[in-house]
Amino acid sequence: MQRAMGFRGIAARIRIAGRARPVAPTPETGYRFPPPSPIDAVSLRVGVMLHLFYSDLADEFAAALSRMPTPFVLLVSVSEADAVDVVRGAFSAIPGVQRLEIVVVPNRGRDIAPLLVTFREALLELDVIAHLHSKKSLHAGSAQNRWRAYLVDGLMGSPQRIAWQLGMFDADPSLGIIYPESHETVPLWGHTWLGNVADGSAIAARMGFSIDPQAYIDFPAGSMFWARIDAIRPLLALQLPLEAFPEERGQLDGTLQHAIERMFVAVVRARGFRAGVLPRDGSLSLTSEGDRNWQDYFATPLAGRIAAASIDATLVSVDIFDTLVQRPFLSPAAARAYLARLAQRTLAVDDFAELRARAEARARHAAARDPTLAEIYDVMHALAPDLPAEALHALERATERRLLRPRTALLDALAAIRARGTRLVALSDMYLDEATLQEILPAPVVDIVDRWYVSCDTGHRKDDGAAWPTVASAEQVASKKWLHIGDNEHADVQQPHWQGMLTPVHVLRASALLDVVPALRPLRTAPDAHWSEQLRLGLIANHLSDIADAAPEMLAGRLHVSPRTFGYAVIGPLVLDFLTWLVRLARDREVTRLLFLSREGHLLVEAFHRLKVAAPAWTGEIDGVYFLASRQACGLAALRDRDSLATLLDCSYNGTLGDLLVARLGNRAKAVLELRLGGAVMHEHVFLPEMHEAVADRLAPAHDALEALAACARALYREYWDETVGDARAMLVDIGYAGTIQRHLSSMLEQPLEGAYFALDSRAEARLRGAGNARARYHDARQESGPSDVLGNDLLLESVLTAPQPQFTGFENVDGARQPTYATPDTQPRRWSIVAEVQAAALEFIDDALLAAGPLADELAFDPDAVQVPLACIGAGRWHAPWLADIGVDDAFTGRGQVAAATPPPP
């Protein structure tokens with residue numbers, strides 16, 4: 001390298017390699033493009049660059065270019081000199097051509113090299129360019145015209161269509177590229193980097209960003225598009241020489257031109273511009289992210305696809321990680337980050353991730369193949385003799401064994417194949433040898449595999465094509481009798497196609513669902529997000545993957561969310577995040593008793609006890625109890641004078657005075673006041689807050705009787721407080737939202753209290769004044785403004801967090817003993833079966849997350865904004881949950897009665 005590049009070249013290479021590069025951003029979901037400018041107002045310098053390899057299509061393109069509604073520069077490349085006259089004859093008479101330039105280019109780099117090399121300087125003089133070429137073949141090599149016609153029509157189908165697109169560039173300065181949605185023949189798995197990861201990564205690094213090699217990506221499949229020159233300027237600035245492109249040999253993938261085709265949108269977004277994708281139906285509209293033919297994948301359950309594909313197979317091979325088994329983390333990098341933190345916490349090893357990566361690279365170089373895990377740790381010991389390499393090796397194996405879970409639907413499908421006598425082998429590119437795999441994999445996975453072919457054992461990889469003939473020879477199987485199943489789009493799908501095998505079964509890895517399914521895209525996170533955030537999303541993705549495997553119709557079209565999925569993906573993460581925040585707050589405030597207020601505290605306290613079991617040292621002396629409380633019971637106990645009565649009347653209410661008294665003070669208060677004021681008064685209609693003063697005046701003659709009733713209630717409540725709390729430093733815990741109960745209890749006890757809430761609304765400012773300290777995890781209107789997902793879905797949260805017991809209404813003295821009283825039970829079996837299913841699934845998520853976090857359970861901390869996104873998706877109707885109409889809350893406090901949790905939008 002020194003001889004080839006010199007000292008400065010090596011130094012530059014080291015700087016580039018060591019520089020942290022941001023990943024090209026994914027688009028924001030739901031971006032709305034503005035309407036286009038009229039073509040008469042567009043002053044952009046416009047050009048068209050056409051690579052006409054097939055000169056017999058000159059007339060077809062001349063017809064398309066004749067539709068241009070504005071003057072433009074026409075740049076044409078051809079591969080043969082005798083095509084120049086043909087092109088000039090067809091194009092010289094096209095109206096609007098300001099300048100026609102025809103260049104004969106070598107058959108190298110296909111249509112990409114002419115764009116970036118031949119016409120580089122000409123493009124830099126323009127504002128917007130259309131890139132077209134005489135495409136005649138698909139990725140599979142069969143000659144077709146439909147794809148070319150679809151792309152050309154989408155971009156140049158009519159003067160009005162072209163004018164609309166140019167008007168969009170003028171109206172939206174952030175728009176960097178426009179191209180048609182992928183043709184229907186481009187498979188979902190084709191929307192990945194395939195065999196172009198190395199070239200794509202290298203090009204991206206030169207432009208100052210990096211790519212996610214596993215992501216499903218947007219790109220103009222077929223490389224025809226309109227682009228703003230400023231948006232693709234980094235590609236032009238590379239000044240690629242023609243020699244950088246390989247000589248044409250009919251390559252299907254893995255060349256520089258294939259990589260650059262997939263780079264256009266990444267470059268545009270890294271540059272700060274947006275992509276605009278034209279819909280397949282031909283309508284004039286744009287989305288900032290493509291569909292990528294995603295729905296085809298969800299047409300049939302996984303078992304059905306495998307059964308149909310394996311009919312003629314005598315051998316079935318299957319990938320291991322993300323196919324046979326799944327980790328709970330969204331990405332391998334997050335699993336490695338978790339392991340690094342585990343090594344730091346349990347073995348006091350810093351920089352584990354960097355050291356292990358270096359050891360793996362050296363071990364690979366020394367072995368000239370994928371190294372085994374044992375070889376990696378041998379090198380690690382040589383690099384750092386003082387580190388406990390053997391203990392680290394054991395930690396990694398034990399962690400994998402604890403985390404790995406079988407992919408149930410796939411395992412069931414493979415069992416059916418094996419039952420009919422078909423041989424099943426595992427085939428993987430990895431560093432875990434057969435012996436280690438059999439040690440760490442779940443027993444059902446180990447038992448179903450007849451033989452293991454792992455690259456660190458065999459020395460042959462799938463992704464470079466070497467493993468396939470090795471396995472074919474060892475198994476004595478013909479390609480047409482061999483089916484492969486796997487998740488890696490290049491190694492497990494593209495390579496078997498190239499090997500002439502049976503059409504492989506593509507299995508989406510769980511993390512890909514967040515790229516593939518449009519309704520799930522709001523869940524995506526940055527690749528460098530904290531391991532705990534990637535654990536949350538990984539568990540959700542695995543849950544959704546189970547659904548995609550067994551009941552894909554739930555994800556196809558509009559995403560249907562069952563109560564179980566709602567509990568697992570929405571409520572469980574929200575509750576666990578709130579509780580880990582709560583423990584940190586309690587430790588900071590030296591609180592030892594958490595009072596989870598009824599009824600929404602029912603699920604919270606159960607989940608808290610799970611957290612205590614998982615992290616006993618961290619939670620320490622902090623205890624949690626389900627504390628009987630309600631606005632009615634606490635309000636009566638806090639009542640002392642007209643001012644305290646006024647606080648009971650400051651919420652809205654529509655109904656009779658008698659019903660108001662029952663809702664705010666209870667049945668006994670109504671009975672006492674009815675005796676004093678008369679029965680007719682109870683039927684008077686009340687509208688609060690408008691009649692606030694009038695109602696207070698109406699009750700004034702009976703205030704002494706009301707105070708006496710309140711004094712009894714207060715004595716019983718203080719007795720309950722003393723028994724439940726005693727001298728402990730306590731904190732009230734509730735989902736929110738105004739702090740009313742904290743205010744009442746503080747007044748009753750005549751002391752300030754601590755409070756912790758999901759969210760506090762604008763009423764909390766006045767209600768909590770003088771009532772003690774209060775914090776909110778997700779939104780506090782006392783310090784911040786704007787919308788809140790928690791506050792916007794308050795009834796939904798109350799509906800699913802509620803306890804199965806009726807509403808607590810206060811205490812009574814029965815034969816000298818304090819007894820709690822409750823409202824009339826709600827007898828709606830449908831409602832309670834839904835709530836039970838949601839809560840059970842929420843606890844299932846919490847159990848899974850705590851088990852995965854293991855010794856690091858005390859470090860779980862989800863992104864407080866991101867963890868609310870699934871709730872927002874439900875509330876906005878992006879996720880379809882028609883069963884929401886069957887649950888709700890009894891809002892007697894405001895006189896509304898039964899209120900549905902949410903009104904789902906029409907299907």
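## Exercises on a predicted chain

Aspartate 789 lies in helix H36, which covers residues 789–792. Helices in these exercises are DSSP runs of H or I with at least four residues, strands are runs of E with at least two, and both are numbered from the N terminus. The model is predicted, so local features need pLDDT of at least 70 and side-chain atom pairs count only at pLDDT 80 or more, while totals for chains, interfaces and linings use all residues. Residues are numbered from 1 along each chain as its sequence is written, and side-chain values use heavy atoms, with hydrogens and water left out.

**Exposure and the whole chain**

Task: Decide whether aspartate 789 is buried, partly exposed or exposed, and state what share of the chain is buried.

Solution: Begin with the cut-offs, by which buried means under 20% relative accessible area, exposed means over 50%, and partly exposed lies in between (1.4 Å probe, protein chains only). Aspartate 789 has a relative accessible area of 30%, and therefore it counts as partly exposed. Turning to the whole chain, buried residues make up 55% of its 907 residues. The chain contains 39 helices and 25 strands, and its C-alpha trace spans about 110 × 70 × 60 Å along the principal axes.

**The length of a helix**

Task: Find out what span is expected for helix H33, and compare it with the distance between its end C-alpha atoms.

Solution: The expected span of a helix is 1.5 Å times one less than its number of residues. Helix H33 runs over residues 703–724 and has 22 residues, so it should span 32 Å; its end C-alpha atoms are 31 Å apart, which agrees. Next, look along H33 for buried residues, among them Leu706, Leu709, Ala710, Ala713, Leu716, Tyr717, Tyr720 and Trp721. An α-helix has 3.6 residues a turn, so residues three or four places apart point the same way. Just after H33, glycine 726 takes a positive phi of about 60°.

**An arginine out of reach of solvent**

Task: Locate arginine 536, and say whether this residue is buried or exposed.

Solution: Arginine 536 is part of helix H24, residues 531–550. Its relative accessibility is 1%, which means that arginine 536 counts as buried. Now measure from C-alpha to C-alpha in the model: arginine 536 and leucine 675 are 57 Å apart in space, with their places 139 residues apart in sequence.

**Salt bridges**

Task: How many salt bridges does the chain have, and which parts of the chain do arginine 110 and glutamate 248 link?

Solution: A salt bridge is a side-chain nitrogen of Lys or Arg within 4 Å of a carboxyl oxygen of Asp or Glu. By this rule, the count comes to 51 salt bridges. In one of them the side chains of arginine 110 and glutamate 248 meet, with N to O at 2.9 Å. This pair links distant parts of the chain, since arginine 110 sits in the loop between strand E3 (97–104) and helix H4 (112–118), whereas glutamate 248 sits in the loop between helix H9 (229–237) and helix H10 (256–261), 138 residues apart. Arginine 110 is partly exposed at 26% relative accessibility, and glutamate 248 is partly exposed at 25%.

Task: Which residue forms a salt bridge with lysine 462, and are the two residues buried or exposed?

Solution: The partner of lysine 462 is aspartate 319, and the closest N and O atoms are 3.0 Å apart. Lysine 462 lies in the loop between helix H20 (455–458) and helix H21 (467–475), and aspartate 319 in the loop between strand E8 (315–318) and strand E9 (325–326), so that the pair links distant parts of the chain, 143 residues apart. Lysine 462 and aspartate 319 are both buried. For a network of salt bridges, look at the linked residues Arg356, Glu360, Arg364, Asp370, Glu396, Asp429, Arg461 and Asp463.

**Backbone angles**

Task: Where does the cis peptide bond that leads to arginine 599 begin, and where is alanine 368 found?

Solution: The cis bond runs from serine 598 to arginine 599, with omega near 5°, and arginine 599 lies in the loop between strand E15 (593–597) and helix H26 (601–614). The bond from glycine 736 to tyrosine 737 is also cis, with omega near 25°. Alanine 368 occupies the loop between helix H14 (352–367) and helix H15 (373–383), and it has a positive phi of about 60° although it is not a glycine. With 70% relative accessibility, alanine 368 counts as exposed.
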